[in-house]
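Got a few minutes to look at a fold together? Have the viewer ready, and pull up the chain below.

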Amino acid sequence: MASMLMSAAGLRVRLTSAAQTQPPAPRAAKTHGTFRKAKKQPRTASVQTAEEAVRRYMEDVEQPPEEDCIICMERLSAASGYDGASDGQSLSPGAVGKFTRCGHCLHLLCMLAMYNTGTKDGSLQCPSCKTIYGEKTGTQPKGKMEIYRIPQSLPGHSDCGTIQIIYSIPPGIQGPEHPNPGQPYSCRGFPRLCFLPDSDKGRKVLELLKVAWTRRLIFTVGTSSTTGEPDTVVWNEIHHKTEMMSNVSGHGYPDPNYLDNVLSELSAQGVTEACLEQP
């Protein structure tokens with residue numbers, strides 16, 4: 001009988017019997033946990049409107065710099081190219097704001113329009129330097145993330161065993177955050193098996209991938225870059241290694257730069273070591 005416990009991320013974990021990997025990998029000898037559904041994340045606390053989200057992380061600029069807005073490409077001294085976005089808002093077409101940390105300036109209405117085309121989760125991302133303000137969440141459908149340990153080493157990591165991740169997402173119906181709400185989406189190639197070295201850095205990547213999973217950032221619904229199929233579940237800019245004992249596709253080992261590269265990709269999504277320190 002499976003036993004239940006709580007994971008460090010606060011999600012339910014179910015210990016199960018070991019699963020078999022694809023040949024030539026040996027049987028996964030030890031399970032590391034199962035993360036069930038990637039649920040919709042709550043809005044950032046106390047953010048009620050799009051304008052409040054913009055105001056939270058941007059401050060007014062009285063004298064705009066002599067440069068173009070990176071979104072509408074109009075001069076900052078001129079009105080925003082998205083002045084229609086001001087309906088029901090108190091922002092004027094010429095209002096310019098500056099991000100509180102990175103300092104980049106743009107029209108407030110342009111940022112408002114950009115926010116309204118996203119997940120509306122209370123977070124902002126600077127379109128110039130990609131700095132994230134708040135907690136970014138994505139549009140990943142519900143599914144399951146299973147984690148196992150394998151005693152066999154990956155090529156290039158002979159000093160440790162292997163972590164195997166199995167992602168399972170079933171077909172479903174698109175929600176309002178997806179490209180075609182109410183239409184079905186497909187899930188080709190699932191379950192997807194991925195591999196990490198069971199080293200200190202590999203385990204850190206695993207913990208950050210758990211955070212990315214719960215924030216719905218690993219997959220999204222879109223058009224497949226390999227088949228051109230629309231309305232299907234695709235990777236979302238966090239690369240995974242899907243080959244264990246070879247690197248025929250370029251998605252395997254050895255790859256001495258992979259762990260550093262995926263840490264950078266996670267950071268670009270707002271998932272950093274600081275997330276692991278949060279209660």
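Here is a quick tour of the overall make-up, the nonpolar cores and the salt bridges.

## The chain at a glance

First things first: this is a predicted model. The chain has 279 residues, and 45% of them count as buried. Its secondary structure comes to 5 helices and 15 strands.

As for how the chain folds back on itself, take the contacts between residues at least 6 apart in sequence: 62% of these join residues at least 24 apart. The accessible surface is about 14100 Å², with carbon and sulfur atoms accounting for 50% of it.

## Two nonpolar cores

In soluble globular proteins, nonpolar side chains tend to be buried together. Here the largest nonpolar core holds 39 residues, and the members touching the most others are I165, Y167, L196 and L209. At least two core residues come from each of β9 (144-150), β10 (162-168), β13 (192-197), α3 (200-214), β14 (219-222) and α4 (258-268). The top contributor is α3, which puts in 7 residues.

Want a residue to click on? Try I165: setting aside neighbours within four places in sequence, I165 is in contact with M145, E146, R192, L193, C194, L196, L206 and L209. Apart from this core there's another one, made of 24 residues, including Y57, Y115, L124 and C126.

## Salt bridges

Side chains of opposite charge can pair when their charged atoms come close. Searching the whole structure turns up 16 salt bridges. R55 is a handy place to start, with a salt bridge to E51 at 3.9 Å, N to O, and another to D60, where the closest N and O atoms are 2.6 Å apart. Why does the E51 pairing fit the helix? E51 and R55 sit 4 residues apart in helix α1 (residues 50-57), so about one helical turn separates them.

The surroundings of these three are worth a look too. E51 is buried, at 13% relative accessible area, while R55 is partly exposed at 35%. D60 also counts as partly exposed, with 47% relative accessibility.

Elsewhere, R75 and D68 form a salt bridge whose closest N and O atoms are 3.2 Å apart. R75 is partly exposed at 34% relative accessibility, and D68 is partly exposed at 34% as well. There's also a network to trace: R149, D198, D200 and R203 are joined by salt bridges that share partners.

Technical notes: Residues are numbered from 1 along each chain as its sequence is written. This is a predicted model: local features need pLDDT of at least 70, side-chain atom pairs count only at pLDDT 80 or more; totals for chains, interfaces and linings use all residues. Side-chain values use heavy atoms; hydrogens and water are left out. A nonpolar core is a set of buried Ala, Val, Leu, Ile, Met, Phe, Trp, Tyr and Cys residues joined through side-chain atoms within 4.5 Å. Buried means under 20% relative accessible area, exposed over 50%, partly exposed in between (1.4 Å probe, protein chains only). Contact means heavy atoms within 4.5 Å. Accessible areas come from the Shrake-Rupley method with a 1.4 Å probe; for residues, only the protein chains shown count as cover. A salt bridge is a side-chain nitrogen of Lys or Arg within 4 Å of a carboxyl oxygen of Asp or Glu.
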